[in-house]
Amino acid sequence: MSDLLTPSQTVGPFLSIGLTWSDGHLVVPEGSPGAIRISGIVRDGAGAPVPDGVIETWQADADGRFDHPDDPRGASGSGFAGFGRCPTDGEGHYQIVTVKPGALGDGQAPHIDVTVLARGLLDRLVTRIYFPDETEANAADPLLSSLPPERAATLVAEHAGEGELRFDIRLQGEGETVFLQI
């Protein structure tokens with residue numbers, strides 16, 4: 001048996017069978033009380049749209065709870081799955097319909113965890129979406145407060161209208177989104 005590692009392979013382009021589903025972008029049904037639409041464009045290092053990416057989101061419910069046994073407070077029992085998945089279109093656009101998560105109670109500002117899968121990546125990228133109306137909580141958030149302001153700004157969505165937020169993702173280069181080591 002060899003001690004050599006198997007070489008990495010990129011995570012895309014994707015065979016879409018089973019990877020996407022028509023309502024995967026709906027964390028909550030459209031028109032649900034408190035529903036918000038988060039949309040954006042995924043761009044590569046040259047600024048070109050990424051047409052074959054996948055965005056996955058994971059978040060707490062509006063009360064800051066997870067309906068999962070790993071929640072340290074115990075599963076909420078709310079039935080809120082908190083998971084969304086959306087492929088990017090030919091122009092790199094994605095959208096997720098969800099609710100704003102509540103604070104987790106551990107000093108972190110309300111946020112949504114995001115996984116980015118795309119051509120040329122050797123592993124998934126992980127980032128977060130923070131909310132622009134949470135100025136005080138964002139200032140105290142351990143992750144955001146550890147970053148220079150211009151880097152922290154890449155993690156805060158922008159208002160884009162009533163019930164709409166914009167969160168563009170830049171994979172590398174100028175304006176690169178902050179990605180987390182997992």
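Reader: What is the bridge partner of Thr115 in S6?
Author: Val126 is the bridge partner of Thr115 in S6. This is a predicted model, where local features need pLDDT of at least 70 and side-chain atom pairs count only at pLDDT 80 or more, while totals for chains, interfaces and linings use all residues. Residues are numbered from 1 along each chain as its sequence is written, and side-chain values use heavy atoms, with hydrogens and water left out.

Reader: What makes S5 and strand S6 a pair?
Author: Two strands pair if DSSP finds at least two bridges between them. S5 and S6 (residues 125–130) have six bridges, in the antiparallel sense, so they pair. Strand S2 (residues 54–58) also pairs with S5 in the antiparallel sense, over five bridges, and Asp113 in S5 is the bridge partner of Trp58.

Reader: Why is strand S5 called largely enclosed?
Author: Because six of its seven residues (residues 111–117) are buried. Buried means under 20% relative accessible area, exposed over 50%, and partly exposed in between (1.4 Å probe, protein chains only).

Reader: And Trp58, why does this residue count as partly exposed?
Author: Its relative accessibility is 33%, which falls between those two limits, so Trp58 is partly exposed. Phe66 is at 17%, so Phe66 counts as buried.

Reader: How do you know that Trp58 and Phe66 are stacked?
Author: Rings of Phe, Tyr and Trp (its six-membered ring) pair if their centres lie within 6.5 Å; planes under 30 degrees apart count as stacked, over 60 as edge-to-face and the rest as tilted. Here the values are 5.4 Å centre to centre and 20° between the planes, so the pair is stacked.

Technical notes: Helix = DSSP H or I, 4+ residues; strand = E, 2+ residues; numbered from the N terminus.
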